[in-house]
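Reader: I am in my first year and would like to look closely at a single part of a protein model, taking it slowly. Could you guide me through it?

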Amino acid sequence: WQMGKVDQGVVVLWLARHYFKADLSYIGYGGTGHQVRDLLHINDLYRLLKMQMEDFSRFSGQTFNVGGGLDVSVSLAELSTLCEQITGNTINIRKVAENRSADIPVYITDNSKINSICGWAPENSPQMILSDIFEWIKAHEQSVKKLLS
(Lines give C-alpha, C1' and ligand atoms only; values in the text may rest on other atoms or scores of the structure.)
Protein backbone atom coordinates (compact mmCIF):
# COMPACT_ATOMS: atom_id res chain seq x y z
CA TRP A 1 0.00 0.00 0.00
CA GLN A 2 2.85 2.42 -0.64
CA MET A 3 1.02 5.24 -2.38
CA GLY A 4 2.91 7.03 -5.07
CA LYS A 5 3.68 10.69 -4.97
CA VAL A 6 5.90 12.95 -7.01
CA ASP A 7 9.14 12.30 -5.10
CA GLN A 8 8.68 8.56 -4.46
CA GLY A 9 6.51 5.78 -5.81
CA VAL A 10 6.19 7.70 -9.05
CA VAL A 11 5.20 4.61 -11.09
CA VAL A 12 2.07 3.95 -9.01
CA LEU A 13 1.26 7.66 -9.08
CA TRP A 14 1.69 7.79 -12.89
CA LEU A 15 -0.64 4.86 -13.48
CA ALA A 16 -3.20 6.05 -10.91
CA ARG A 17 -3.32 9.50 -12.49
CA HIS A 18 -3.93 7.90 -15.89
CA TYR A 19 -6.55 5.59 -14.40
CA PHE A 20 -8.46 8.45 -12.75
CA LYS A 21 -7.80 10.87 -15.66
CA ALA A 22 -5.89 13.40 -13.58
CA ASP A 23 -3.12 15.71 -14.79
CA LEU A 24 0.62 15.17 -14.36
CA SER A 25 3.78 17.14 -15.12
CA TYR A 26 7.13 16.42 -16.69
CA ILE A 27 9.32 18.52 -14.40
CA GLY A 28 12.83 19.57 -15.34
CA TYR A 29 15.22 18.70 -18.13
CA GLY A 30 13.26 20.71 -20.64
CA GLY A 31 9.91 19.22 -19.63
CA THR A 32 10.38 16.36 -22.10
CA GLY A 33 9.83 13.41 -19.75
CA HIS A 34 13.18 11.89 -20.60
CA GLN A 35 14.14 11.21 -16.97
CA VAL A 36 14.75 7.47 -16.57
CA ARG A 37 14.03 5.18 -13.64
CA ASP A 38 14.20 1.44 -13.25
CA LEU A 39 11.28 -0.57 -11.89
CA LEU A 40 11.24 -3.65 -9.68
CA HIS A 41 8.26 -5.95 -9.25
CA ILE A 42 7.70 -7.19 -5.71
CA ASN A 43 7.73 -10.79 -6.99
CA ASP A 44 11.25 -10.33 -8.36
CA LEU A 45 12.40 -8.97 -4.99
CA TYR A 46 10.64 -11.83 -3.22
CA ARG A 47 12.49 -14.40 -5.36
CA LEU A 48 15.79 -12.86 -4.30
CA LEU A 49 14.87 -12.67 -0.62
CA LYS A 50 13.78 -16.31 -0.70
CA MET A 51 17.16 -17.28 -2.22
CA GLN A 52 18.93 -15.37 0.53
CA MET A 53 16.85 -16.92 3.33
CA GLU A 54 17.52 -20.41 1.98
CA ASP A 55 21.30 -19.89 1.83
CA PHE A 56 22.40 -17.26 4.38
CA SER A 57 26.08 -18.12 4.16
CA ARG A 58 26.24 -17.33 0.44
CA PHE A 59 25.09 -13.76 1.01
CA SER A 60 26.23 -13.09 4.59
CA GLY A 61 28.12 -9.88 5.29
CA GLN A 62 27.63 -8.45 1.82
CA THR A 63 25.72 -5.46 0.52
CA PHE A 64 23.93 -5.56 -2.83
CA ASN A 65 22.26 -3.06 -5.12
CA VAL A 66 18.95 -4.48 -6.27
CA GLY A 67 16.56 -2.91 -8.76
CA GLY A 68 15.15 -3.25 -12.22
CA GLY A 69 18.40 -2.43 -13.97
CA LEU A 70 18.71 -1.31 -17.56
CA ASP A 71 16.37 -3.99 -18.95
CA VAL A 72 13.50 -2.91 -16.69
CA SER A 73 13.81 0.86 -16.99
CA VAL A 74 11.65 3.51 -18.63
CA SER A 75 11.63 7.24 -19.17
CA LEU A 76 8.62 9.18 -17.91
CA ALA A 77 7.54 9.62 -21.54
CA GLU A 78 7.71 5.85 -22.08
CA LEU A 79 5.88 5.34 -18.80
CA SER A 80 3.13 7.66 -20.05
CA THR A 81 2.78 5.65 -23.27
CA LEU A 82 2.53 2.37 -21.33
CA CYS A 83 -0.04 3.88 -18.94
CA GLU A 84 -2.12 5.11 -21.89
CA GLN A 85 -2.02 1.64 -23.47
CA ILE A 86 -3.00 -0.13 -20.24
CA THR A 87 -5.72 2.26 -19.07
CA GLY A 88 -6.97 3.46 -22.45
CA ASN A 89 -6.81 7.01 -21.06
CA THR A 90 -4.80 9.94 -22.37
CA ILE A 91 -4.25 12.73 -19.86
CA ASN A 92 -2.83 16.24 -19.88
CA ILE A 93 0.87 16.28 -18.99
CA ARG A 94 2.20 19.75 -18.32
CA LYS A 95 5.78 20.53 -19.34
CA VAL A 96 7.93 22.33 -16.76
CA ALA A 97 11.34 23.00 -18.29
CA GLU A 98 13.19 24.17 -15.17
CA ASN A 99 15.24 21.68 -13.18
CA ARG A 100 14.91 21.41 -9.41
CA SER A 101 18.05 21.11 -7.30
CA ALA A 102 17.41 17.49 -6.23
CA ASP A 103 16.24 16.16 -9.61
CA ILE A 104 18.11 13.19 -11.01
CA PRO A 105 18.04 12.66 -14.79
CA VAL A 106 18.76 8.90 -14.76
CA TYR A 107 18.66 6.21 -12.09
CA ILE A 108 19.39 2.64 -13.17
CA THR A 109 20.45 0.07 -10.58
CA ASP A 110 23.63 -1.93 -11.20
CA ASN A 111 22.63 -5.52 -10.36
CA SER A 112 25.92 -7.04 -11.53
CA LYS A 113 27.14 -8.08 -8.06
CA ILE A 114 23.97 -9.93 -7.03
CA ASN A 115 23.73 -11.45 -10.51
CA SER A 116 27.29 -12.76 -10.30
CA ILE A 117 26.68 -14.28 -6.84
CA CYS A 118 23.45 -16.15 -7.59
CA GLY A 119 22.26 -15.40 -11.13
CA TRP A 120 19.33 -13.27 -9.96
CA ALA A 121 17.87 -10.79 -12.41
CA PRO A 122 14.42 -9.23 -12.64
CA GLU A 123 11.94 -11.23 -14.73
CA ASN A 124 9.00 -8.82 -14.86
CA SER A 125 8.94 -6.22 -17.64
CA PRO A 126 7.66 -2.67 -17.20
CA GLN A 127 4.48 -3.72 -19.08
CA MET A 128 3.91 -6.60 -16.63
CA ILE A 129 4.60 -4.41 -13.59
CA LEU A 130 2.18 -1.74 -14.79
CA SER A 131 -0.47 -4.32 -15.66
CA ASP A 132 -0.28 -5.69 -12.10
CA ILE A 133 -0.50 -2.17 -10.64
CA PHE A 134 -3.51 -1.50 -12.89
CA GLU A 135 -5.28 -4.62 -11.60
CA TRP A 136 -4.47 -3.59 -8.01
CA ILE A 137 -5.88 -0.10 -8.57
CA LYS A 138 -9.05 -1.57 -10.11
CA ALA A 139 -9.48 -3.92 -7.15
CA HIS A 140 -9.02 -1.06 -4.64
CA GLU A 141 -10.40 1.81 -6.72
CA GLN A 142 -12.35 3.61 -4.00
CA SER A 143 -9.52 3.49 -1.47
CA VAL A 144 -6.91 4.57 -4.00
CA LYS A 145 -9.11 7.39 -5.28
CA LYS A 146 -9.38 8.80 -1.73
CA LEU A 147 -5.59 8.74 -1.37
CA LEU A 148 -5.13 10.80 -4.51
CA SER A 149 -7.60 13.55 -3.64
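Which residue in strand 5 is the bridge partner of Val-36? Once that is settled, please take me on to a close look at helix 4.

Author: Please keep in mind throughout that this is a predicted model. The bridge partner of Val-36 in strand 5 is Val-106, and strand 2, which covers residues 36-38, is joined to strand 5 by two bridges, the two strands running parallel. In general, the strands of a sheet pair through backbone hydrogen bonds, either parallel or antiparallel. Here three strands form an open sheet in the order 3-2-5, with mixed pairing, and its edge strands, each of which pairs on one side only, are strand 3 (73-75) and strand 5 (106-107).

Now to helix 4. Helix 4 has 12 residues, which at 1.5 Å a residue should span 16 Å, and because its end C-alpha atoms are indeed 16 Å apart, the expected and computed values agree. The buried residues of this helix are Leu-76, Leu-79, Ser-80, Leu-82, Cys-83, Ile-86 and Thr-87. When helix 4 is seen down its axis, these buried residues fall within an arc of 165°, so they line one face of the helix. Among the elements that cover the buried residues of helix 4 are helix 1, strand 1, strand 3, strand 4 (93-96) and helix 6. Cys-83 deserves a separate word, because its relative accessibility is 0%, and it therefore counts as buried. After helix 4 comes Gly-88, whose phi is positive, near 80°.

The helix also takes part in a wider arrangement. The largest nonpolar core has 25 residues, and those that touch the most other members are Trp-14, Leu-15, Leu-79, Leu-130, Ile-133 and Ile-137. At least two residues of this core are supplied by each of helix 1 (10-19), strand 1 (24-27), helix 4 (76-87) and helix 6 (126-139), while helix 1 gives the largest share, seven residues. Leaving aside residues up to four places away in sequence, Ile-133 touches Val-11, Val-12 and Leu-15. There is also a second, separate core of six residues, which includes Phe-59, Phe-64, Cys-118 and Trp-120. Cys-118 has a relative accessibility of 18%, and because the cut-off for buried is under 20%, this cysteine counts as buried. As for disulfides, with the sulfur atoms of a pair required to lie within 2.5 Å, the count comes to zero.

Technical notes:
Residues numbered from 1 in each chain as written. Predicted model: local features only at pLDDT ≥ 70, side-chain atom pairs only at ≥ 80, totals over all residues. Heavy atoms only, no water. Core = buried A, V, L, I, M, F, W, Y, C linked by side-chain atoms within 4.5 Å. Buried < 20%, exposed > 50% of the residue type's maximum accessible area, 1.4 Å probe, protein only. Helix = DSSP H or I, 4+ residues; strand = E, 2+ residues; numbered from the N terminus. Contact = heavy atoms within 4.5 Å. Pairing = 2+ DSSP bridges. Expected span 1.5 Å × (residues − 1). Arc of directions from axis to C-beta.
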